[in-house]
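I opened this notebook to record what I looked up in a structure that is new to me. The entries are kept in the order in which I made them.

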Amino acid sequence: MSIVIDDDACMGCEACVETCPDAFEMNGDGDKAVVKDADSDAECVDEAIDACPAEAISKS
Ligand code: F3S
């Protein structure tokens with residue numbers, strides 16, 4: 001499994017980082033999220049996917 005953020009869709013709301021800081025963090029500019037741990041199996045990853053208003057997070 002690999003967690004992916006659609007960079008174009010992400011609008012930087014930070015919900016994923018707040019929901020699941022083990023798997024997500026903001027980039028250096030603080031305007032987009034990046035995947036910190038693409039292999040994370042934390043339950044909060046699914047919560048972050050649901051929390052993202054841009055539906056920018058997916059797992060493959
Ligand atoms: Fe971006 Fe969605 Fe996270 S908009 S900052 S991927 S909650």
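The entries below concern the cross-links, the charged pair and the ligand surroundings in this predicted model.

**Entry 1: the disulfide**

I searched the whole structure for disulfides and found one. I then asked which cysteines it joins. They are Cys-20 and Cys-44, with a sulfur-to-sulfur distance of 2.1 Å. I also noted the handedness of the link between Cys-20 and Cys-44: it is right-handed, with 45 degrees about the S-S bond.

Next I looked up where the two partners lie in the chain. Cys-20 is in the loop between helix H1 (15–19) and strand S2 (24–26), while Cys-44 belongs to helix H2 (residues 44–51). The two are 24 residues apart, and the pair thus links distant parts of the chain.

I checked whether the partners are buried or exposed. Cys-20 is buried, at 0% relative accessible area. Cys-44 also counts as buried, at 15% relative accessibility.

**Entry 2: other cysteines**

I asked why Cys-13 has no bond to the closest cysteine sulfur. That sulfur belongs to Cys-52 and is 5.6 Å from the sulfur of Cys-13, which is too far for a bond, because a disulfide requires the sulfur atoms to be within 2.5 Å. Cys-13 is partly exposed, with a relative accessible area of 39%. For Cys-10 I recorded a relative accessible area of 10%, and this residue is buried.

**Entry 3: the salt bridge**

My search of the whole structure for salt bridges returned one. Its partners are Asp-46 and Lys-59, whose closest N and O atoms are 2.8 Å apart. Asp-46 lies in helix H2 and Lys-59 in strand S4 (residues 57–59), so the salt bridge ties together parts that are 13 residues apart in sequence. As a general note, side chains of opposite charge can pair when their charged atoms come close.

I looked up the accessibility of both partners. Asp-46 is partly exposed, at 39% relative accessibility. Lys-59 is likewise partly exposed, with a relative accessible area of 37%.

**Entry 4: the ligand**

I asked where the ligand sits. It sits in the largest cavity. I then listed the residues around the ligand: Cys-10, Met-11, Gly-12, Cys-13, Glu-14, Ala-15, Cys-16, Ala-33, Cys-52 and Ile-57. Sorted by class, this shell has eight nonpolar residues, one polar residue and one charged residue. I noted that Cys-13 and Cys-52, the pair whose sulfurs are 5.6 Å apart, are among the residues around the ligand.

Notes. Residues are numbered from 1 along each chain as its sequence is written. This is a predicted model: local features need pLDDT of at least 70, side-chain atom pairs count only at pLDDT 80 or more; totals for chains, interfaces and linings use all residues. Side-chain values use heavy atoms; hydrogens and water are left out. Helices (H or I, at least four residues) and strands (E, at least two) are DSSP runs, numbered from the N terminus. Buried means under 20% relative accessible area, exposed over 50%, partly exposed in between (1.4 Å probe, protein chains only). A salt bridge is a side-chain nitrogen of Lys or Arg within 4 Å of a carboxyl oxygen of Asp or Glu. A residue is near a molecule or strand if one of its heavy atoms lies within 4 Å of it. On a 1 Å grid over the protein atoms alone, a cavity is a set of points where a 1.4 Å probe fits but cannot get out, and a pocket is an open set with protein on both sides within 12 Å along at least five of seven lines; lining residues have an atom within 4 Å of a point. A molecule sits in a cavity or pocket if more than half of its atoms lie within 2 Å of its grid points. Ala, Val, Leu, Ile, Met, Phe, Trp, Tyr, Cys and Pro count as nonpolar, Asp, Glu, Lys and Arg as charged, and the others, Gly among them, as polar.
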